[in-house]
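Biologist: I'm new to this one and would like a close look at a single part of it. Could you pick one residue, walk me through its surroundings, and then show me how the rest fits around that spot?

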Amino acid sequence: MKKIFTLVALATFAFAANAQTESAFVNAEELLGAEAAETAASVESGKVLTSSASVDMKAAFDDTYKIVSLWGEADAVNKVSIDGVEYEMPMGIQGQTNPSPNKIEGGQNAGAVFQFDVKEDGFLYVFGKFACNKNYYVWEGDVRNSVANAVAYTMTAAQANDGKVVGYTLPGDDLGYYVAGTGYDDGSKFLAADQCTEIFKVDGVTAENVPASKSCTVWNNSGNALGVIAFPVYKEAKEYYVNACGSKVTVNGFVFVKGAAQIGNVTFAKGESTGINNVAAVSAKKAAKKAIVNGRLVIEKNGKQFSVAGAQIK
């Protein structure tokens, strides 16, 4: 497996000069059916949920999935920017079976786990709905045969009730792999959600191993947040997996920056919904019926033209 760069929490770095950005978001209703907002729909292992040129996002294992909102309050943020490029968040999807087994080596090989197959080196940003009392993990390797390694990552999230930005970086070794026993585990297995160790950073102040009895105090609430898990990926490793330990996670898509070696600047905003990012999940054949302008795929909304990625064409 290829060497992983050490992550730096919530820091701003320039992308590589030749970096190319790709994005893909699930169209939850098209994928699962509108009824999946109430009744979970079956999804087979390996099913492609959404794709870009360099990354396929899949369901890692057989499970049932529901359509889930990425925020709980009406005034919650609904847009995320990566180095100034804004992405609107559509509805997400959530597997209904808690991942297992509950161990820190090899990865989870059953339950609600999202798989990312990568074809190029770069930096991957996975968008989702996160909570302060859950553990989240990224794996590199073959989780099916329990030979995956946990990857150090940076999470940045905006709380649903007030938009306050919180985040943390899991400790990593020189290769960028998560160091067992330094975060959400006791060195041999993952801790339960109510036993989590808090390692969050708010307003420049890092909480040092806040016990579970004070869980969520760093977030200023016990609710949900719209956020991003960011980590480097390598085509030699081929497969990466994202899951909540012993619980479920809602994911709605990703941004991939080809050639980037470090995390970019992540910011959040709220505003009127355009629904543009849902187009990214539509098949190329279906989307091509919209329009081709100067060789680019576009759609029209309210008399204005937008690229598939959501940027208005002037």
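Modeller: Here is a walk around one glutamine, followed by the strands and rings of the chain. A word on the ground rules: this is a predicted model, where local features need pLDDT of at least 70 and side-chain atom pairs count only at pLDDT 80 or more, while totals for chains, interfaces and linings use all residues. Residues are numbered from 1 along each chain as its sequence is written, and side-chain values use heavy atoms, with hydrogens and water left out.

Let's start with Gln-108, which sits in the loop between S8 and strand S9 (114–118). Strands and helices here are DSSP runs, E with at least two residues for strands and H or I with at least four for helices, numbered from the N terminus. Gln-108 counts as buried because its relative accessibility is 2%; buried means under 20% relative accessible area, exposed over 50%, and partly exposed in between, using a 1.4 Å probe and protein chains only.

What does the side chain of Gln-108 make polar contacts with? One partner is the side chain of Trp-139, at 3.3 Å, and another is the side chain of Asn-243, at 3.1 Å. A polar contact is a pair of N or O atoms within 3.5 Å; within protein, one must be able to donate a hydrogen and the other to accept it, and residues adjacent in sequence count only if both atoms are side-chain atoms. Leaving out residues up to four places away in sequence, Gln-108 also touches others, including Phe-61, Pro-99, Val-143 and Phe-190, where contact means heavy atoms within 4.5 Å.

Two of those neighbours turn up again among the rings. Trp-139 and Phe-190 are linked by ring pairs into a cluster with Tyr-137 and Tyr-178. Rings of Phe, Tyr and Trp (its six-membered ring) pair if their centres lie within 6.5 Å; planes under 30 degrees apart count as stacked, over 60 as edge-to-face and the rest as tilted. The whole structure holds 12 aromatic pairs. One of them joins Phe-231 and Tyr-240, with centres 6.0 Å apart and planes at 40°, so this pair is tilted. Phe-231 and Tyr-240 are both buried.

Now for the strands on either side of our loop. S9 belongs to an open sheet of 6 strands with antiparallel pairing, in the order S3-S4-S9-S18-S11-S12. At its edges are strand S3 (48–51) and strand S12 (149–151), each pairing on one side only. S9 pairs with strand S4 (residues 55–59) in the antiparallel sense over 5 bridges, with Lys-58 opposite Gln-115 in S9. Two strands pair if DSSP finds at least two bridges between them.

On the other side of the loop, strand S8 (residues 92–95) pairs with S19 in the antiparallel sense over 2 bridges, and Gln-94 stands opposite Thr-250 in S19. S19 (residues 250–258) is mostly covered, with 8 of its 9 residues buried. Strand S1 (residues 20–25) also pairs with S19, antiparallel over 6 bridges; there Phe-25 has Gly-253 as its bridge partner. Strand S10 (residues 122–131) joins S19 in the antiparallel sense over 8 bridges, where Phe-123 is matched with Val-257.

Stepping back, the protein chain has 2 helices and 24 strands, and 51% of its 314 residues count as buried.
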